[in-house]
Amino acid sequence: MGSSRLALVLLVLLPSLASAFADLDEILYSVSKQNKIPHSTKGQLTPLQLLKESVGLQYERHSASQENETYAPYEEKNVIIDVVLKTVFDSVLKPIYLPSSENANEECKTDLMDKSFYDNLKARKLWALQMVDSWGKLPDGFFFGNLRSTGMYEECLNVWANFTIKLGILGPTELRNYTGRYCQIYYDLAPKNESQQDLRSGIPMEDPSSPLPFSYGTCIPSSCTAEDMWISVNETLASLGLVLSHIECYNVDDPPEDLTPGDETMLAFIGILGVLVALSTIYDVTTSQLNRSHMRAGAWQIFIGFSLYGNLQRIFTYKISESSNVITCLPALRVVTMLWIIVSVQYEVATDYITNTVDSLRYQDPLIGQIVTNGWLAVDTFLFLGGLLVTYRLLPFAVPSRPMRAGQMFALYAKNFVRRFFRLSPTIFFVSFFSATLLRFFAYGPRADVLTSFTRDRCGPHWWKDPLFVNNYILGHNEGHDVNDCLDHCWYTAVDMQLLLILPLLLLPLGLHRVAGLCWLGAVSLGSILTPMSIILVHDLPPVPLHVMAESKKFEYMWRVYLTPWCRAGPWLAGVWTALALYDRALAKVKIPKLAVFLGYLAAISLGLGLVLGLYPYNHVMPDKSYVDNPAMSAAYGALARPVWGLCVAWVVFTCHTGNAGVVNKVLSYPGWRPLGRLTFTMYLTVPLVQLWWSSVQFQPVYYNYLEKLFQSAGVAFIAGVVAILLSCLVELPLRTVLDALLPSEAKKQEDRIKPQKRDPESGKFLSTSMM
């Protein structure tokens with residue numbers, strides 16, 4: 001939330017609150033005098049505190065009156081106090097915390113009668129005190145940005161009221177009992193016009209995870225419904241110039257949600273995979289211990305591919321095949337990039353649910369804060385790696401050792417695309433379909449709707465887009481400021497797959513004429529720079545998705561630039577060029593002087609820091625107008641940042657793989673990175689869901705600072721890592737085994753036959769002499 005928005009909120013809200021409570025000050029003071037409450041509390045007691053103090057003192061007087069009959073003069077004062085407290089309760093507290101409209105249902109009205117609730121509260125019944133105690137009050141640090149009065153969720157749900165009430169003067173006595181129903185109420189400033197509403201927030205007001213509206217929690221009898229509460233609070237807030245936007249209520253006696261056909265289908269998927277994993281694990285361990293190699297060959301290899309024991313070994317082994325020409329520094333790049341993404345996203349998670357909204361700006365504003373604010377560059381590293389690896393594997397077909405017909409070559413490209421599609425899509429399908437079905441059952445607490453609304457409104461209608469890799473486009477009627485996607489972070493996998501479609505057009509010309517092919521690739525690379533530059537200039541867009549910008553402008557930037565393959569191809573093409581360099585005979589033989597290596601790393605690090613920290617004038621709380629109003633500067637950065645970042649990563653990969661990086665290669669090629677590197681794909685899928693789940697189970701607002709976010713990130717990384725291991729063993733690795741058996745990789749076989757020259761990191765000698 002920007003400082004200007006927060007200032008507007010405070011300026012408009014505080015006069016309304018002041019007018020609502022101004023008349024209470026003298027009442028509270030007079031009551032405190034009558035009730036012997038210390039005079040120092042004048043102007044400090046809230047109505048709820050007054051009730052607590054008064055009830056406590058009345059209880060003490062009642063005990064004293066049993067020992068001393070001369071205490072009777074206080075009874076007359078207590079009558080006055082009760083009248084004042086009853087007036088305060090009815091006029092201020094009840095319309096906000098309890099349904100009071102005549103439209104409430106009859107059961108609710110009965111349970112809220114004075115003899116049902118207020119008299120039990122005055123009599124110090126524990127259940128009544130619990131209900132009032134669980135109500136959200138004006139929180140500490142309101143001027144510091146603590147805008148959420150959540151109350152005590154579980155205290156409310158533990159309320160169990162049991163009392164008798166006499167219906168009428170001569171009517172029968174009725175036993176009443178109910179439990180507590182916790183309600184989270186979200187409200188906002190009433191918009192004067194559409195432009196003001198758009199200025200405040202482009203996020204739909206019914207979304208409780210948005211920085212606005214404000215919210216508080218209350219506890220009502222379970223006989224009352226959310227609709228009863230809506231009518232009452234809506235009338236009260238309207239008189240204060242506020243508007244009710246959302247109410248979510250929870251009760252332990254609510255019937256459990258029924259399983260939908262989608263839920264049952266997902267459970268069936270998990271059950272089938274679970275049985276296969278269990279049987280395969282037993283078979284794998286048994287045949288391995290008995291040394292029955294003939295029972296592990298042939299078609300049995302597919303069945304053993306579901307073994308939890310075997311797949312855990314595949315994940316956590318440090319060894320790699322001696323015959324494979326692996327780029328050993330890539331696992332470290334994957335892991336570091338994944339950690340950067342986790343920390344960057346965690347800084348944005350639950351920013352609507354913090355106790356220091358105003359103070360949090362100083363943690364986002366400094367120069368060092370750009371490291372997490374501009375974490376979007378991390379995904380460009382993944383795009384670079386995607387372009388590098390597919391090209392590295394397919395280059396033998398671009399310049400084959402023996403002539404191949406065009407049909408054969410296109411068939412090999414098609415086979416590679418199909419393999420990659422079915423290698424990624426089933427795992428993405430499992431995660432997206434799970435998010436659309438069973439994920440909502442993990443929601444619990446006063447913010448459960450953050451997760452359930454994500455499942456219901458986001459994933460329910462749109463889960464199918466992610467496994468088909470079309471989730472980065474607006475399909476059908478657009479609602480709100482997003483492309484109506486479930487796993488919106490999977491735009492990366494969609495872009496990566498869409499760029500893979502053009503790879504044959506880039507590599508096939510190299511087989512016909514090397515120079516012409518390189519010129520064609522250079523022209524495409526230049527187009528990947530000019531395309532986003534033109535779009536940013538024409539539509540007057542920012543260089544990147546800035547931290548402080550209008551929601552409508554951010555959305556336009558996202559669907560015009562950020563999510564489109566033609567604007568994100570820069571780092572991917574840098575990966576293609578790097579693969580060509582690694583296969584080039586002359587470049588592979590170059591022994592780069594140490595001074596040149598040092599200067600190269602100095603340049604790469606300087607450029608990388610410049611890209612990350614260079615947006616400070618834009619991402620400042622008060623952006624520099626000379627930068628914001630400079631379209632040429634925005635276009636230049638928006639077009640060049642991503643390919644330049646790809647070149648910085650390319651230098652690291654090239655020097656490490658050719659044996660020129662020295663200690664850098666030793667660190668990045670350390671085998672300990674490999675197990676974590678194998679989990680980055682499944683972690684990338686699950687981390688945002690773990691972060692969303694974490695946000696939805698917060699019972700109280702948290703304090704926003706560096707250490708808090710660091711510890712949160714560490715916890716998210718650990719939990720997401722465990723989930724990623726389960727997902728890999730249950731879905732990704734078993735299905736990859738099936739895919740390798742049904743559609744073996746010809747590129748892998750060709751790669752084993754044709755190898756580029758590669759230097760040994762220790763001796764500097766070439767390990768292979770065969771070249772394309």
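Which hand does the disulfide of Cys156 and Cys219 have, going by the torsion about its S-S bond? Keep that in mind as you go through these close-ups, which come from a predicted model.

**View 1. A disulfide between Cys156 and Cys219.** Here the two sulfur atoms sit 2.1 Å apart. The torsion about the S-S bond is about 85°, so this disulfide is right-handed, and that settles the opening question. Look at where the partners come from: Cys156 belongs to helix α8 (residues 153-157) and Cys219 to strand β4 (residues 214-221), so the bond ties together parts that are 63 residues apart in sequence. Both Cys156 and Cys219 are buried.

**View 2. Cys183 hooked up to Cys249.** In this disulfide the distance from S to S is 2.0 Å. The link of Cys183 and Cys249 is right-handed, with 105° about the S-S bond. This pair links distant parts of the chain, with Cys183 in strand β3 (residues 173-189) and Cys249 in strand β5 (residues 242-250), 66 residues apart. How buried are they? Cys183 has a relative accessible area of 0%, so it counts as buried. Cys249 has 17%, and because the cut-off for buried is under 20%, Cys249 counts as buried as well.

**View 3. Cys459 bonded to Cys486.** The sulfur atoms of this disulfide are 1.9 Å apart. With 75° about the S-S bond, the link of Cys459 and Cys486 is right-handed. Cys459 lies in helix α19 (residues 448-462), while Cys486 is found in the loop between α19 and α20 (491-500), so the bond ties together parts that are 27 residues apart in sequence. Cys459 is buried, at 0% relative accessible area, and Cys486 is buried too, at 1% relative accessibility.

**View 4. The disulfide pattern, and a cysteine sulfur with no bond.** Searching the whole structure turns up four disulfides. Count the bonded cysteines along the chain and you get the pattern 1-5, 2-4, 3-6, 7-8. Now find Cys329: why is its sulfur not bonded to the one in Cys656? The sulfur in Cys656 is the closest cysteine sulfur to that of Cys329, but the two are 4.5 Å apart, which is too far for a bond. A disulfide needs its sulfur atoms within 2.5 Å. Cys329 is buried, with 1% relative accessibility. Another cysteine to look up is Cys648, which is buried with a relative accessible area of 9%.

**View 5. Helix α15, largely enclosed.** This helix covers residues 357-364, and six of its eight residues are buried, so the rest of the structure largely encloses it. Want to pick out the buried ones? They are Thr357, Asp359, Ser360, Leu361, Tyr363 and Gln364.

**View 6. Helices α21 and α22 crossing.** Helix α21 (residues 503-512) and helix α22 (residues 514-539) have axes that come within 6 Å and cross at roughly 160°. That angle makes α21 roughly antiparallel to α22. Their crossing is right-handed. On the α21 side, Leu505, Leu506, Pro509, Leu510 and Leu512 take part in the contact, and they meet Arg514, Gly517, Leu518, Trp520, Leu521 and Val524 of α22. Sorted by class, the contact of α21 with α22 has nine nonpolar residues, one polar and one charged. While you trace the side chains, here's a handy rule: an α-helix has 3.6 residues a turn, so residues three or four places apart point the same way.

Definitions and conventions: Residues are numbered from 1 along each chain as its sequence is written. This is a predicted model: local features need pLDDT of at least 70, side-chain atom pairs count only at pLDDT 80 or more; totals for chains, interfaces and linings use all residues. Side-chain values use heavy atoms; hydrogens and water are left out. Buried means under 20% relative accessible area, exposed over 50%, partly exposed in between (1.4 Å probe, protein chains only). Helices (H or I, at least four residues) and strands (E, at least two) are DSSP runs, numbered from the N terminus. Axes are lines fitted to C-alpha atoms, for helices over the stretch in contact, and angles run from 0 to 180 degrees between N-to-C directions. Angles under 35 degrees count as roughly parallel, over 145 as roughly antiparallel, 65 to 115 as roughly perpendicular and the rest as oblique. A crossing is left-handed if the near helix is turned anticlockwise from the far one by less than a right angle, and right-handed if clockwise. Contact means heavy atoms within 4.5 Å. Ala, Val, Leu, Ile, Met, Phe, Trp, Tyr, Cys and Pro count as nonpolar, Asp, Glu, Lys and Arg as charged, and the others, Gly among them, as polar.
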